[in-house]
Amino acid sequence: MKKYVIIFGILMWFVSGYSQSLNEPNLENFKILAEKKAKSFSVYISKVASKSTSLDDKEIAINQACRLFIYDTVTIQVSYCPSGGNPTVYSRTLIKYLRRLSMLNYDQITIEWVDVVMVSDLKKGTDGNFYGIISTVQRFTAVKGEYTYSDVTVKHIEVVLKPYLKPNDQGDDEWRWDVYLSNVNIVEPCS
Amino acid sequence: MLIRSFIIFIFILFFNQVSKSQFTNNEQIREKFNYEIIQLDEFIDRFNFDNDTKLLKYLAINYPDISIERKGFLITLFDNFDIDYHESLIKAFIDFVCDSANPQYLNFYDFNWYAEVNCIIEFNQQIDTGKIILKNQFNNDSSSKWVICGINSEILELPESKDSLKIITPVSHGTGFIALYDVFKDGANIQNYITADYSIDKLTYFLTLMYYHKIKLKQVNKVKYHFLQIPGWAFTIDYYNRKELNSGWLISELKRMSNGDKDKYEKEILNIHNANQIRKSKQTDK
């Protein structure tokens with residue numbers, strides 16, 4: 001009997017320790033952090049696209065932008081509405097999207113995020129992570145000689161709040177939460 | 001009171017009808033961004049007249065003297081350009097939703113609402129459009145996920161038989177159903193060998209093809225949502241990608257609908273697998 005009591009005690013200790021380490025995250029704080037990460041992404045893509053950024057600095061900005069995302073293979077989807085034609089959708093991995101952006105053939109490129117807003121609360125998935133959407137409106141201007149191209153697009157960025165293990169000062173693993181950017185969907189207004 | 005409501009209605013309608021063919025400055029871009037219902041969650045918040053919606057925040061900052069009521073605000077959720085306008089129907093719907101004794105709200109975790117994904121799929125080198133129906137399935141701990149609950153595509157229809165004379169003869173039992181060997185080689189006439197009261201379970205067929213990597217998703221064209229949870233009513237919302245302020249996720253169709261009609265709608269229009277069982281379990285849960 002005593003043996004079972006000890007086993008039960010050990011089990012309870014594990015369970016309580018596990019549940020303590022998996023505290024529910026403060027969603028409001030992570031919403032703010034997610035918006036900050038999205039704004040950082042806008043700084044990096046602006047740097048990647050800019051003609052005044054050196055190739056080395058572009059590479060650094062690409063790596064820094066990728067670190068904001070849960071994987072560098074997330075999908076960046078771009079929809080294009082040609083005048084009089086049907087909308088076309090392109091999907092690229094994040095890394096390919098950024099490299100393509102760094103090589104756009106214009107004399108001058110300006111990318112500006114006019115507004116950023118978290119439009120949905122973080123929702124709990126059945127996998128234990130939390131998910132939300134950040135929407136931004138972007139103004140893109142590119143100049144080549146006398147020609148100026150400009151568009152305004154809305155981007156929807158999926159946000160993932162995910163737990164991870166990190167050693168504390170005593171060397172024990174502790175569960176912590178961090179927020180990452182994920183798949184991006186871009187919608188160009190069709191007139 | 002009526003005059004006040006009317007003024008609010010005119011205010012909202014005016015701002016919704018303003019056309020912005022060109023965005024010349026950031027203030028105009030910001031205005032458009034705040035008016036457009038850019039996400040489904042935002043549609044739900046606006047329907048519920050939640051103070052957290054970006055449009056209400058924007059109006060509070062830029063037009064602090066204007067008072068807005070839910071009734072006037074709900075009008076902005078309708079597509080003002082393409083909808084087959086029945087003002088009396090819309091008014092009756094808004095009156096029902098805003099009934100002070102029993103106001104109606106939408107919740108992301110409601111039963112009875114579905115996403116319809118219109119896409120292009122490829123099977124056996126044949127390309128066709130398809131509709132995948134999804135619902136949000138949630139647990140007691142409020143975690144949830146989207147799950148597929150219906151599918152429709154001509155690709156998933158069984159082909160008509162080519163030769164009606166090919167059958168399993170009425171004396172096949174006499175030979176221990178040896179004829180089944182031939183049936184297994186005769187896919188072209190498969191309809192001849194199936195019971196007349198059988199209707200194909202497309203979802204199982206689709207999942208089998210998916211499991212064996214026989215079917216490919218080529219492109220998602222369009223998403224639409226079907227809301228059936230407001231008693232006596234059903235509506236759909238579509239995404240209107242245009243430069244006017246009346247854009248984004250807007251009500252594209254509104255209908256009065258009884259519970260019986262909703263069952264039929266789920267089964268016949270949305271092709272939801274086990275639609276009746278789903279409604280039964282919903283009633284038990286509530």
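Trainee: What does the accessible surface of chain B come to?
Mentor: Accessible areas here come from the Shrake-Rupley method with a 1.4 Å probe, and for residues only the protein chains shown count as cover. Carbon and sulfur atoms account for 54% of the surface of chain B. The total for chain B is about 16,100 Å².

Trainee: Which pLDDT do local features need in this model?
Mentor: Residues are numbered from 1 along each chain as its sequence is written, chains are lettered from A and ligands numbered from 1 in the order in which they are written, and side-chain values use heavy atoms, with hydrogens and water left out. This is a predicted model in which totals for chains, interfaces and linings use all residues, side-chain atom pairs count only at pLDDT 80 or more, and local features need a pLDDT of at least 70.

Trainee: How many of the residues in chain B, as a percentage, are buried?
Mentor: A residue is buried under 20% relative accessible area, exposed over 50%, and partly exposed in between (1.4 Å probe, protein chains only). Chain B has 286 residues, and the buried share is 43%.

Trainee: What pattern does chain A follow along the sequence?
Mentor: Helices (H or I, at least four residues) and strands (E, at least two) are DSSP runs, numbered from the N terminus. Chain A contains 4 helices and 7 strands. Their order along the sequence is α-α-α-β-β-α-β-β-β-β-β.

Trainee: Which share of the contacts in chain A with a separation of 6 or more comes from residues 24 or more positions apart?
Mentor: A contact means heavy atoms within 4.5 Å. In chain B, residues 24 or more positions apart supply 63% of the contacts with a separation of 6 or more. For chain A, the corresponding share is 58%.

Trainee: What is the order of the strands in the open sheet of chain B?
Mentor: Two strands pair if DSSP finds at least two bridges between them. The sheet has 6 strands with antiparallel pairing, and their order is β3-β2-β1-β4-β5-β6.

Trainee: Which are the edge strands of that sheet?
Mentor: An edge strand is recognised here by pairing on one side only. In chain B, this applies to β3 (144–153) and β6 (248–256).

Trainee: Which residue is the bridge partner of B:Lys224 in β5(B)?
Mentor: Strand β4 (residues 215–227) of chain B pairs with strand β5 (residues 233–240) in the antiparallel sense, over 4 bridges. Their hairpin has 5 residues between the strands, and B:Gly232 takes a positive phi near 85° there. Opposite B:Lys224, the partner in β5(B) is B:Asp238.

Trainee: Which residue in β4(B) stands opposite B:Tyr114?
Mentor: Strand β1 (residues 113–123) of chain B runs antiparallel to β4(B), and 11 bridges join the two. Opposite B:Tyr114 in β4(B) stands B:His226.

Trainee: How many residues apart in sequence are the parts that A:Asp178 and A:Lys37 tie together?
Mentor: A salt bridge is a side-chain nitrogen of Lys or Arg within 4 Å of a carboxyl oxygen of Asp or Glu. The side chains of A:Asp178 and A:Lys37 form one at 3.6 Å, N to O. Because A:Asp178 lies in strand β7 (residues 173–187) and A:Lys37 in helix α2, both of chain A, the parts that they tie together are separated in sequence by 141 residues.

Trainee: Why are A:Glu28 and A:Lys31 separated by about one helical turn?
Mentor: Their side chains meet in a salt bridge of 4.0 Å, N to O. Both residues belong to helix α2 (residues 27–49) of chain A, and they are about one turn apart because their spacing is 3 residues.

Trainee: Is B:Asp41 buried or exposed?
Mentor: B:Asp41 forms a salt bridge with A:Lys123, the closest N and O atoms being 2.2 Å apart. This pair crosses between chains, from helix α3 (residues 40–47) of chain B to strand β4 (residues 123–124) of chain A. A:Lys123 has a relative accessible area of 15% and is buried. At 12% relative accessibility, B:Asp41 counts as buried.

Trainee: Which residue of chain B is linked with A:Glu24 and A:Lys124 in a network of salt bridges?
Mentor: Over all chains, the structure holds 22 salt bridges. In the network with A:Glu24 and A:Lys124, the residue from chain B is B:Asp141.

Trainee: What accessible area do B:Ile148, B:Leu207 and B:Met210 have together?
Mentor: Patches are made of residues with over 30% relative accessible area and no salt bridge, like charges being joined within 9 Å and nonpolar side chains (Val, Leu, Ile, Met, Phe, Trp, Tyr) within 5 Å. B:Met210, in helix α8 (residues 202–211) of chain B, counts as partly exposed at 38% relative accessibility. Together with B:Ile148 and B:Leu207, B:Met210 forms a nonpolar surface patch of about 240 Å².
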